[in-house]
Every structure is written in C-alpha cells, then in structure tokens.
Amino acid sequence: MLQLNDITVSYDGSRILRGVNLTIEKNSLVCLMGRNGVGKTTTLKTIMGVVRPDGGEVTLDGEPIAGFKPEVRARKGLGYVPQGRDIFPNLTVRENLEISLVANTRAERSNLVKVLDLFPVLKEMLHRKGGVLSGGQQQQLAIARAMLTNPKVLILDEPTEGIQPNIIDLIGETLLRIKKETAISILLVEQYLDFCLQVADVFYVMDRGAIVANGPIDKLGDDIVRTYLTV
Ligand SMILES: Nc1ncnc2c1ncn2[C@@H]1O[C@H](COP(=O)(O)OP(=O)(O)OP(=O)(O)O)[C@@H](O)[C@H]1O
Ligand SMILES: [Mg+2]
C-alpha cells in the first residue's frame with residue numbers, strides 16, 4: 001500500500017534520515033517507534049511531501065508520489081494527523097470537520113455520519129469551539145477530520161501524547177475498530193509502548209535516522225525495548 005525505499009533527508013546540511021525503508025501492507029497497523037529526536041516526524045513529513053528527501057522513493061499503491069504536493073497526496077489517500085493535533089480552536093467541531101468536506105461530494109458527506117459513529121463524543125459537541133475541547137477530544141477531532149478525507153492510509157503522529165489514560169484506551173479501541181471495519185491501513189508514530197502492543201500488527205524501531213529493528217509486534221523483544229525505547 002505505502003512503501004518507503006531508502007529515504008534520506010537532511011536539514012541545513014545535516015543528515016536526519018539515513019536510508020529509511022518501511023512497508024505498510026493493506027489493512028495493517030504499523031507502529032513506528034523510537035526515542036525523541038530520532039526522525040519519526042521527519043519520516044511522516046517526507047511521506048506527506050512537507051519535507052523533500054535528498055534520495056529514495058515513496059510509493060502509494062505502487063505509484064511514486066515524489067512529484068506531488070501535500071494536498072495532492074491527501075487527495076490520493078494519505079490522511080495525516082500531525083503531532084500536536086492542529087485543529088482550529090476558533091471553529092466549532094462541525095466546522096473543523098466540514099473543512100475536510102469543502103471540495104467533496106455528497107457521497108463523502110454521508111461519510112460524516114459514519115465517522116461520527118466512530119467518535120460519539122464529537123456528536124454531542126458539534127457546536128462547541130474546538131479550543132474548549134479537552135486534549136483527548138481534540139485528538140479525536142483531528143483523527144475524525146483525517147478520516148473524512150476517505151484515506152487509504154491514516155497517518156498519526158503520537159496521538160497519545162499528553163492525553164489521559166482513559167481517553168488513550170478509547171483512541172486505541174477506535175483504531176482497532178477502523179482496522180476491523182474498514183480497509184484503511186494505519187501508520188502510527190508512538191512512544192507509548194503499551195499502546196503499540198495493544199493496537200499494532202507490525203513494529204518498526206528507529207534510532208538516529210535509520211530503522212534498526214522491525215517485525216510482527218509479537219516479536220518485539222525486551223532487548224530491543226531496552227536498547228532503543230526505554231529512557
Ligand atoms: N525544521 C527542522 N530544521 C532543522 N532540524 C530539524 C527540523 N525538524 C527537526 N529537526 C531535527 O531533526 C531530528 C529529528 O526530528 P524529528 O522531529 O523527526 O524527531 P522525532 O523522532 O519525531 O522526535 P519526537 O519524538 O520528539 O517528536 C531532531 O534532531 C530535530 O532536532
Ligand atoms: Mg515527532
């Protein structure tokens with residue numbers, strides 16, 4: 001579905017990603033893990049076309065997407081929820097959601113009903129301003145907004161960051177439902193190990209700009225956790 005081949009990225013001449021290879025199969029949930037500053041967000045920004053790689057290739061459904069701007073990538077099926085959520089605080093929940101629908105068809109409007117079914121809490125808050133929602137509710141709003149674009153791949157950057165444990169569980173259940181009820185693949189960047197263990201099919205571990213381990217989630221051993229994940 002989505003593939004990164006030997007991606008290298010530099011900021012101001014210093015190498016940040018050093019040949020990243022990553023594959024996301026259809027309908028699977030891949031968790032990209034690693035400590036602070038190893039290059040996880042840079043990897044996602046490269047997928048979305050916000051950052052230009054020096055080398056390597058990103059393909060979606062077998063098609064190279066190097067030439068496409070971020071908005072074209074979004075239309076082609078990449079739904080992105082950036083780190084820190086990025087909702088519009090002065091727009092209502094409904095308006096935040098409708099922004100995704102602006103250029104869309106009636107068929108996609110019926111999608112709003114389905115998406116709200118995944119996030120019942122938002123249904124009760126359609127007229128509230130985004131800025132007054134709790135962190136967890138804002139995260140759900142950001143995910144719902146990305147879901148409305150009908151993505152093939154949903155890309156989430158640390159959705160549990162700064163969120164209460166009970167809401168983390170709720171977000172985990174929602175991701176499992178998306179996996180079960182839709183054909184959407186999910187790429188999740190996450191530092192919270194238990195969350196990854198709960199939702200992921202496949203893990204990738206990154207350290208200093210390169211993938212240092214990957215495999216099915218049940219093969220994520222204590223040695224890898226100790227070496228690359230715990231602080
Ligand atoms: N715009 C930028 N210009 C220069 N350096 C940057 C820029 N953005 C990130 N970096 C550096 O690139 C490295 C990787 O950053 P990145 O944000 O990809 O890490 P991360 O794994 O997402 O970290 P975190 O877990 O803290 O979110 C870091 O050393 C960071 O300081
Ligand atoms: Mg990051």
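**Helix α1**

I looked up the burial of helix α1 in this predicted model. I found 7 of its 9 residues buried, so α1 is largely enclosed by the rest of the structure. I listed the buried positions as Lys 40, Thr 42, Thr 43, Leu 44, Thr 46, Ile 47 and Met 48. I then checked what follows the helix and found Gly 49, with a positive phi near 85 degrees.

**Ligand 1**

Which residues surround ligand 1? I recorded Tyr 11, Asp 12, Ile 16, Gly 34, Asn 36, Gly 37, Val 38, Gly 39, Lys 40, Thr 41, Thr 42 and Gln 83. I sorted this shell by residue class and obtained 3 nonpolar, 7 polar and 2 charged residues. I noted that helix α1 (residues 40–48) supplies the largest share of the shell, namely 3 residues.

**Hairpin and open sheet**

I turned next to strands β1 (residues 2–11) and β2 (residues 14–24), which pair in the antiparallel sense over 8 bridges. As one pairing I noted Thr 8, whose bridge partner in β2 is Arg 18. The two strands form a hairpin with 2 residues between them, and I read a positive phi of about 45 degrees for Asp 12 in the turn. Asp 12 also belongs to the residues that surround ligand 1.

I traced the sheet onward and found it open, with 4 strands in the order β2-β1-β4-β5 and antiparallel pairing. I placed β2 and β5 (63–64) at its edges; each has a single partner strand, so one side of each is left without a neighbour in the sheet. For β5 that partner is β4 (residues 55–60), which I found joined to it by 2 antiparallel bridges. I noted Glu 63 in β5 as the bridge partner of Leu 60.

**Strands β6 and β7**

I examined the facing of strand β6 (residues 78–81). Leu 78 and Tyr 80 point one way, Gly 79 and Val 81 the other way, and all are buried. I recalled that side chains in a regular strand alternate between the two faces of the sheet. I then found β6 joined by 4 bridges to strand β7 (residues 153–157), with the two running parallel. Within this pairing I noted Leu 156 of β7 as the bridge partner of Val 81.

**Met 33**

I located Met 33 in strand β3 (residues 29–33). Is Met 33 buried or exposed? I counted 26 C-beta neighbours inside 10 Å, and therefore entered Met 33 as buried. Leaving aside neighbours within four places in sequence, I found Met 33 in contact with Glu 190, Gln 191, Cys 196, Phe 203, Val 205 and Leu 229. I also computed its separation from Leu 193: the two are 160 residues apart in sequence, yet 8.2 Å apart from C-alpha to C-alpha.

**Nonpolar core and helix α6**

I looked up the largest nonpolar core and found 63 residues in it, with Val 30, Ile 155 and Leu 188 making the most contacts inside it. Helix α6 contributes the largest share of this core, 6 residues. I followed Leu 188 further and found that, not counting residues up to four places away in sequence, it touches Leu 29, Val 30, Cys 31, Leu 32, Leu 156 and Ala 200.

I closed with α6 (residues 135–147), whose 13 residues reach 18 Å from first C-alpha to last, close to the 18 Å expected at 1.5 Å a residue. Why did I enter α6 as largely enclosed by the rest of the structure? I did so because 12 of its 13 residues are buried. Among them I noted Leu 141, Ile 143, Arg 145 and Met 147.

Conventions: Residues numbered from 1 in each chain as written. Chains lettered and ligands numbered in written order. Predicted model: local features only at pLDDT ≥ 70, side-chain atom pairs only at ≥ 80, totals over all residues. Near = placed C-beta within 6 Å. Nonpolar A, V, L, I, M, F, W, Y, C, P; charged D, E, K, R; others polar. Expected span 1.5 Å × (residues − 1). Buried ≥ 20, exposed ≤ 12 C-beta atoms within 10 Å, placed from the backbone. Pairing = 2+ DSSP bridges. Core = buried A, V, L, I, M, F, W, Y, C linked by C-beta atoms within 7 Å. Contact = placed C-beta atoms within 7 Å.
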